[in-house]
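Here's a quick tour of one protein chain, going from whole-molecule numbers down to a few individual residues. Keep the viewer open while you read.

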Amino acid sequence: MSPARLSVAEDGGATVIALGGELTAAGLGPVWQRALAAARRTRSASMTIDLGAAEALDSAGATLLIALEQAFGGTVEWRGLTERRRGLIERLRAAIPQGPLPRPSASRSAAPGFRQTLATRIAFFGQTVLAALALPAKLRFLRAADFGRLGERAGYQAVPLVGMLGFLIGMILAFQSAVPMRQFGADLYVANLVSISLFRELGPLLCATILAGRTGSAFAAELGTMSVNEEISALTTMGIDPETMLVLPRVAVAMLVMPALTILMDIVGLLGMGFVLVLFGFTPGVILAQVASFTGPADLFLGLVKSVVFGAAIGIIGCRAGLTTGGGPRAVGEAATSAVVGGIVATILLDGLFAVMTYRLGI
């Protein structure tokens, strides 16, 4: 194909702008500004756009034709316009806002208010629930490779950090608990205190904090970058549901890895506690028997239920922060910060609700 060509002539009192060659994004650069200048300079009552010599026309070429029409501001006659090209121009014209864009009110703050933010978060949660309910009809949007990649980043790569922190937390709790316990000669009961704390509270809570800091921020940064680059809009234009393709896999992975990380946190925390008690002179068998006699499967199960709920909250909040990213150079960083803060706050609030529920139910 030949490059785009432009010629301007007068025909019976009408200005004729003839465009030929390849009217695509790759070839329109040299003639774009000259064509717009010719349309603006026209003083005729009518203008004719001749596409008889056009070899190809894409959305960029259709955008130029609409721009010529708007720059002229009068009656435009078309030549050489096939039905296919006319349909492309009409679809693009319908998508372009007509008239000036509304200006933001100077009396309102640029930052969204509390009600608007709360409404946005509730709406996103509702959209996620609806996407989950409609998942059987949209399984084609899911990719198995995404689950493996997300699971490795959220779970496998977090194992060293969870192991190190869990061991240190177990040691710290044992040392700090031993100080008051020793006054009553109850050093052995440190095992009871640390084990019940890890199983019911600290295990899922610490893992949720790690997940929010590592994975929640990563979700927000990744989806925020896609939003800034308009990749989310492109998926929507192609008929792909972003909730199903991007949000549900991340939320599912967060819910799946949290119980595994919590169990790891509990085990290494008990090892750290056991290490301290061994230094105090207790044998591993005595420590293990003390833990087994004071805790049960219900304590571990409660912690695992908490971990699943915490994982869902962190995944939804991280994805929400990414998909609602605004424009500007700081948008992605602000989205990541919002995901971390929102995930930790939501985790603590949910943990408080669990505490009230377990107290009322006597669990």
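## Charges and surface

The protein carries 28 positive and 23 negative charges, and the mean positions of those two sets sit 5 Å apart. Bear in mind that this is a predicted model, so every value here is computed from it, with local features needing pLDDT of at least 70.

As for the outside, the accessible surface comes to about 19,500 Å². Carbon and sulfur atoms own 66% of that area. Of the 363 residues, 42% count as buried.

## Overall shape

What radius of gyration does the protein have, set against a compact globule of 363 residues? The globule would come in near 21 Å, but the protein has 31 Å. The C-alpha trace fits that picture, spanning about 110 × 50 × 35 Å along its principal axes.

On the secondary structure side, there are 12 helices and 5 strands. If you look at contacts between residues at least 6 apart in sequence, 81% of them join residues at least 24 apart.

## A buried arginine

Arg-320 is worth clicking on. You'll find it in helix H11, which covers residues 297–323. Is this side chain buried or exposed, and what about a salt bridge? Arg-320 is buried, yet it has no salt bridge. The nearest side chain of opposite charge belongs to Glu-243, and that one is 10 Å away. A salt bridge would call for a side-chain nitrogen of Lys or Arg within 4 Å of a carboxyl oxygen of Asp or Glu.

So who does touch it? Leaving aside neighbours within four places in sequence, Arg-320 is in contact with Arg-121, Phe-124 and Ser-338.

## Two loop residues

Glu-230 sits in the loop between helix H7 (190–228) and helix H8 (231–237). Its phi is near 65°, a positive value in a residue other than glycine. Why does Glu-230 count as exposed? Because its relative accessibility is 56%, and the cut-off for exposed is over 50%.

Ala-186 is in another loop, the one between helix H6 (159–182) and H7. This alanine counts as buried because its relative accessible area is 12%, where buried means under 20%. For a feel of distance, try Ala-186 against Arg-43: the two are 143 residues apart along the chain, and their C-alpha atoms are separated by 99 Å.

Terms used: Residues numbered from 1 in each chain as written. Predicted model: local features only at pLDDT ≥ 70, side-chain atom pairs only at ≥ 80, totals over all residues. Heavy atoms only, no water. Helix = DSSP H or I, 4+ residues; strand = E, 2+ residues; numbered from the N terminus. Buried < 20%, exposed > 50% of the residue type's maximum accessible area, 1.4 Å probe, protein only. Lys, Arg positive; Asp, Glu negative; His and termini not counted. Contact = heavy atoms within 4.5 Å. Rg over C-alpha atoms; globule rule 2.2 N^0.38 Å. Areas by Shrake-Rupley, 256 points an atom, 1.4 Å probe, with all protein chains shown as cover. Charge placed at Lys NZ, Arg CZ, Asp CG, Glu CD.
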